[in-house]
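Let's take a friendly walk through a protein model, one contact at a time. Keep the structure open beside you as you read.

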Amino acid sequence: ATAISARTARTMPIDDRLLRRLRRELEARVPTVARLTGLPVRPWTLEWSTETPVAAAYADSGRIILNYGWFENHPDDYGALVHEYTHVIQNVPGGTYPGETIEGFADAVRYMMGEYPSWWSPSPEARRIASMSNEERIALSRAMALQVRAGEAGFDWTDVAGPLAKVIEEHDELVRALASDA
């Protein structure tokens, strides 16, 4: 990937026309990403990175931050936009799902949309996800999103002991409720 220094990022003349064109291109692709993921469209913004970027783009809290140097040299890499918007629409924070599945899903959407240059190839995980039926892929996408909501509600564990303790707690609660009705 092409990288630019932090100093250059602050002083280069940023091409707002390029950013507007990339925004229009992504807007045209958003409905397809939503259909392929089975999730509703989420709001997003597109902006140039002010830091030293290490990738073409990344997503953070609904923002898609772009590496100006990358898009100046690859102005038609709409697949990178599709990939990052997939992260936005799924809203799956790192660490809540295996990284290869999070990245694989975003790459699968890029792959299924045909939004990739000749030098790019999907990972084995992306190929696996892309080969799923529409129903299976959407179920995986929704399960990823649901896991985030479950974690926010306190139902996310690092090992089997946590869910087992929760099942025992719910069992005991049910037994007490049934005993009080008798």
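Let's begin with helix α8, which spans residues 161-181 and holds both lysine 166 and glutamate 169, three residues apart, or about one turn of the helix. Helices here are DSSP runs of H or I with at least four residues, strands are runs of E with at least two, and both are numbered from the N terminus. Lysine 166 and glutamate 169 form a salt bridge, with their closest N and O atoms 3.2 Å apart. The term salt bridge means that a side-chain nitrogen of Lys or Arg lies within 4 Å of a carboxyl oxygen of Asp or Glu.

A word on the ground rules: this is a predicted model, in which local features need pLDDT of at least 70 and side-chain atom pairs count only at pLDDT 80 or more, while totals for chains, interfaces and linings use all residues. Residues are numbered from 1 along each chain as its sequence is written, and side-chain values use heavy atoms, leaving out hydrogens and water.

**Salt bridges**

How many salt bridges does a search of the whole structure find? The search finds eight, including these three:

| Pair | Closest N to O distance |
|---|---|
| Arginine 29 and glutamate 115 | 2.7 Å |
| Aspartate 77 and arginine 110 | 2.8 Å |
| Lysine 166 and glutamate 169 | 3.2 Å |

Aspartate 77 and arginine 110 link distant parts of the chain: aspartate 77 is in the loop between α3 (68-73) and α4 (78-90), and arginine 110 is in helix α5, 33 residues apart. Are these two partners buried or exposed? Buried means under 20% relative accessible area, exposed means over 50%, and partly exposed is in between (1.4 Å probe, protein chains only). Aspartate 77 is at 6% relative accessibility, so aspartate 77 counts as buried; arginine 110 is also at 6% and counts as buried. In helix α8, by contrast, lysine 166 is partly exposed at 22%, and glutamate 169 is partly exposed at 40%.

Arginine 29 and glutamate 115 are both buried. These two residues also belong to a salt-bridge network with Glu25.

**Aromatic rings**

The whole structure has five aromatic pairs. Among them, tryptophan 70 and tryptophan 119 sit edge-to-face, 6.0 Å centre to centre with 85° between the planes. Rings of Phe, Tyr and Trp (its six-membered ring) pair if their centres lie within 6.5 Å; planes under 30 degrees apart count as stacked, over 60 as edge-to-face and the rest as tilted. Tryptophan 70 is buried at 9%, whereas tryptophan 119 is exposed at 53%.

Ring pairs also join Tyr111, Tyr116 and Trp120 into a cluster. Arginine 110 appears again here, lying over the face of tryptophan 120 at 4.8 Å from the ring centre. For a charge to sit over a ring, NZ of Lys or CZ of Arg must be within 6 Å of the ring centre and within 35 degrees of the ring normal.

**A buried threonine**

Threonine 37 is in helix α2 (residues 16-37) and is buried, with a relative accessible area of 0%. Which residues does threonine 37 touch, not counting those up to four places away in sequence? They are Thr86, Ile89, Phe105, Val109, Ile138 and Ser141, where contact means heavy atoms within 4.5 Å.
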